[in-house]
Amino acid sequence: MIRRGRYPDFKGPLPFTPGYEIVGVVEKTGPGVTMPHESQTIADLCVVGGYAQYAIRPARFLVPVPDGIDAAEAVCIPLAYLTAFQMLTRYRQLPLGATILVIGASGTVGTALLDLARRLGLKAIGTCSAANIPVVERFGATAIDYHGGDFVAAVRRIDR
């Protein structure tokens with residue numbers, strides 16, 4: 001979308017370095033920066049520039065990655081959770097116990113939606129393939145195999 005000029009948040013010149021999010025180790029900090037500290041693993045949602053060996057980023061945007069979290073797993077979190085959080089909170093305040101339907105619930109954004117829904121006191125129904133039913137159920141959601149028939153009817157039966 002950026003290469004085609006259709007991405008609303010990108011106003012920079014082309015060519016550009018792609019890469020929406022980064023996880024890395026702070027090599028050096030600027031004057032007066034106390035957090036994060038050098039050698040700390042951090043994450044950032046940079047929108048562009050993430051596919052690089054080095055990135056210069058404002059310290060206020062960097063989020064510490066807890067020790068023991070694999071960088072390849074951590075890099076999947078910022079965009080997925082921000083997207084999911086905005087989907088759940090930006091336009092409507094859902095009451096406790098409300099039910100949401102997540103299409104593609106076993107994917108990155110889908111599992112983030114299920115996780116946040118559970119933490120926000122929401123019920124979730126998630127569609128997925130039969131092989132991914134355990135993934136969806138691990139988040140406390142009701143799973144529906146979208147290949148197993150009319151999932152709309154299945155949702156209606158569950159949500160009664």
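Okay, let me start with a definition: a pocket here is an open set of grid points, on a 1 Å grid over the protein atoms alone, with protein on both sides within 12 Å along at least five of seven lines. Keep that in mind, since we'll get to two pockets. And just so everyone knows, what you have in front of you is a predicted model.

Let's begin with the sheet. It's an open one, three strands, in the order β1-β2-β3, and the pairing is antiparallel. So who sits at the edges? β1, which is 22-25, and β3, which is 63-64, each have a single partner strand, so each has one side with no neighbour in the sheet. As a general reminder, strands of a sheet pair through backbone hydrogen bonds, either parallel or antiparallel.

Now zoom in on β2 and β3. Strand β2 covers residues 41-44, and two bridges join β2 to β3. If you want to find one of them on screen, go to Ile42: its bridge partner in β3 is Pro64.

Next, a residue I'd like you to click on: Val63, which is in β3 too. Is Val63 buried or exposed? Well, in between: Val63 comes out as partly exposed, because its relative accessible area is 49% and the exposed class takes values over 50%. What does Val63 touch, leaving out residues up to four places away in sequence? That would be Thr41, Ile42 and Ala43. For a sense of distance, take Thr127, which is 64 residues from Val63 along the chain: their C-alpha atoms are 31 Å apart.

Right, pockets. The largest pocket holds about 520 Å³ of space. It has 21 lining residues, and the ones nearest its centre are Val25, Val26, Glu27, Ala55 and Ile56. Which element gives the largest share of that lining? It's β1, with four residues. By class, the lining of this largest pocket splits into 13 nonpolar, five polar and three charged residues.

Then the second largest pocket, with about 260 Å³ of space. And here our friend Val63 comes back: Val63 is part of the lining, along with others including Ala43, Asp44, Phe61, Pro64 and Ile77. The elements giving two or more residues to this lining are β2, β3 and α2, which is 77-89. As for class, the lining of the second largest pocket has eleven nonpolar residues, one charged and no polar.

So, to leave you with one picture: Val63 lies in strand β3, touches Thr41, Ile42 and Ala43, and helps line the second largest pocket. Thanks, everyone.

Technical notes: Residues numbered from 1 in each chain as written. Predicted model: local features only at pLDDT ≥ 70, side-chain atom pairs only at ≥ 80, totals over all residues. Heavy atoms only, no water. Pairing = 2+ DSSP bridges. Buried < 20%, exposed > 50% of the residue type's maximum accessible area, 1.4 Å probe, protein only. Contact = heavy atoms within 4.5 Å. 1 Å grid on protein atoms, 1.4 Å probe; cavity = no way out; pocket = protein on both sides within 12 Å on 5 of 7 lines; lining within 4 Å. Points joined across faces, edges and corners; volume = space filled by probe spheres on them. Nonpolar A, V, L, I, M, F, W, Y, C, P; charged D, E, K, R; others polar.
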